[in-house]
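Colleague: Before I use any of the labels attached to this model, I would like to hear how each of them was reached. Could you take me through the reasoning, step by step?

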Amino acid sequence: MNYASVTAGLVAITVSAGIASAQEFPERPINLIVPFNAGGGTDLLLRGLAPHFAEAIGGDVFVSNMAGGGGTVAASALQGQRADGYQMGYFSITVATVQPQIRDVPYDVDSWTPICSVAASPTLLFTSADQPYMTAADVVAAVEAEPGALVYGSSGAGAMTHLTTVAAFAGLGILDDMVHLPFQGSGPAIQALTAGTIQFFGDTEILMQRGDFRPLMVFNSERLEAYPDVPTAAEVGIEPPLDELYLWGGLFAPAGVEPDVVAKLEAACEQAVNSEGFQEFAASSGTVIDYRGAADFDAFFRAQYEANSVIIEAAGLN
């Protein structure tokens, strides 16, 4: 028997099967995983995207929920699945770049094939409108005058709200002289801000608009159109990588998906995001669309992973 011929034949069959698989993809339904319970913002966004993604990919798409561990249960389960493009998770900045650096989870920066980003909103540091702080300089002066007297809140240690306040106060050099009060979610924290129990909070523009609050800075590369008088973090003296922070989310598949399959998924995502139906959903829900293709999203994700390690260290979470 000519073993070389047999081996070459098996390789040829394997390669041709892989090509056929990529060309025919998808041959079965694609599962989009929400790492949280049904009814939340991520769940609603993905269910708003799914029908347009299905139309673009030319196949069946369904959404499933796998809650727990702040999103890490779903991410941990997905990273161990086959890298065939049939299962993807919609992960946020915290699930993808923060949790693996502060918790014992089986995934890290190299565990994924980023497919596309869908949405991103810069965060803002804000205070209650009845507080005396009009600028970042006012906050610095108050903290220097009475160290330990001012309190900032978050929706939980390691949450995006926590990272925003840490970036602000570490960037201003006053973090060690302030008190952190974590809450179980943004709702209770916002109530505490309104009541004056805490003086500062950080979140997106959409949440800030739910109360009578005054923005002090925005973690964006430029000022926001809705708040032209609010300076960027860089403008108040906060240096990179603490000066930009976005609540972003996108689709991730396990590492190792074939390039041809990635290209199909990426193209379907772009078509879905740009569809009239999803654009209408985004407008009605306050979603800030920020599409990136696979290569750009991969570079962005890796840069965010590294940048957030600085904030995590400043927060004492590692």
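**Helix pairs, cis bonds and a pocket**

Modeller: The crossing of α4 and α11 is right-handed, and I should say at once that this is a predicted model.

Colleague: Why is α4 called oblique to α11?

Modeller: Helix α4, residues 93–102, and helix α11, residues 294–315, pack at an angle of about 50 degrees, with their axes 9 Å apart. Angles under 35 degrees would count as roughly parallel and those from 65 to 115 as roughly perpendicular, so α4 is oblique to α11.

Colleague: Which residues of α4 and α11 meet?

Modeller: With contact taken as heavy atoms within 4.5 Å, Ile93, Ala96, Thr97, Val98, Pro100, Gln101 and Ile102 in α4 meet Phe301, Gln304, Tyr305, Asn308, Ser309 and Ile312 in α11. By class, the residues of this contact divide into eight nonpolar, five polar and no charged.

Colleague: What makes α2 roughly antiparallel to α10?

Modeller: Helix α2, residues 41–57, packs against helix α10, residues 276–285, at an angle of about 165 degrees, and their axes are 9 Å apart. Because angles over 145 degrees count as roughly antiparallel, α2 is roughly antiparallel to α10. The crossing of α2 and α10 is right-handed.

Colleague: What is the make-up, by class, of the contact of α2 with α10?

Modeller: On the α2 side there are Leu44, Leu45, Gly48, Leu49 and His52, which meet Gly277, Phe278 and Phe281 in α10. Glycine counts as polar here, and the contact has five nonpolar, three polar and no charged residues.

Colleague: Where are the prolines that follow the cis peptide bonds from phenylalanine 25 and from proline 240?

Modeller: The bond from phenylalanine 25 to proline 26 is cis, with omega near 0 degrees, and proline 26 has its place in the loop between α1 (3–24) and β1 (30–34). The bond from proline 240 to proline 241 is also cis, with omega near 5 degrees, and proline 241 is found in the loop between β8 (213–218) and β9 (246–254).

Colleague: How do you know which residues line the largest pocket, and which lie nearest its centre?

Modeller: A residue counts as lining when it has an atom within 4 Å of a pocket point, and the largest pocket is lined by 42 residues, of which Gly40, Gly41, Thr42, Asp203 and Leu247 lie nearest its centre. The volume of this pocket is about 1,200 Å³. Helix α2 gives the largest share of the lining, five residues, and by class the lining has 16 nonpolar, 23 polar and three charged residues.

Notes
Residues numbered from 1 in each chain as written. Predicted model: local features only at pLDDT ≥ 70, side-chain atom pairs only at ≥ 80, totals over all residues. Heavy atoms only, no water. Axes fitted to C-alpha atoms, helices over the stretch in contact; angles between N-to-C directions. Helix = DSSP H or I, 4+ residues; strand = E, 2+ residues; numbered from the N terminus. Left-handed = near helix turned anticlockwise from the far one by under 90°. 1 Å grid on protein atoms, 1.4 Å probe; cavity = no way out; pocket = protein on both sides within 12 Å on 5 of 7 lines; lining within 4 Å. Points joined across faces, edges and corners; volume = space filled by probe spheres on them.
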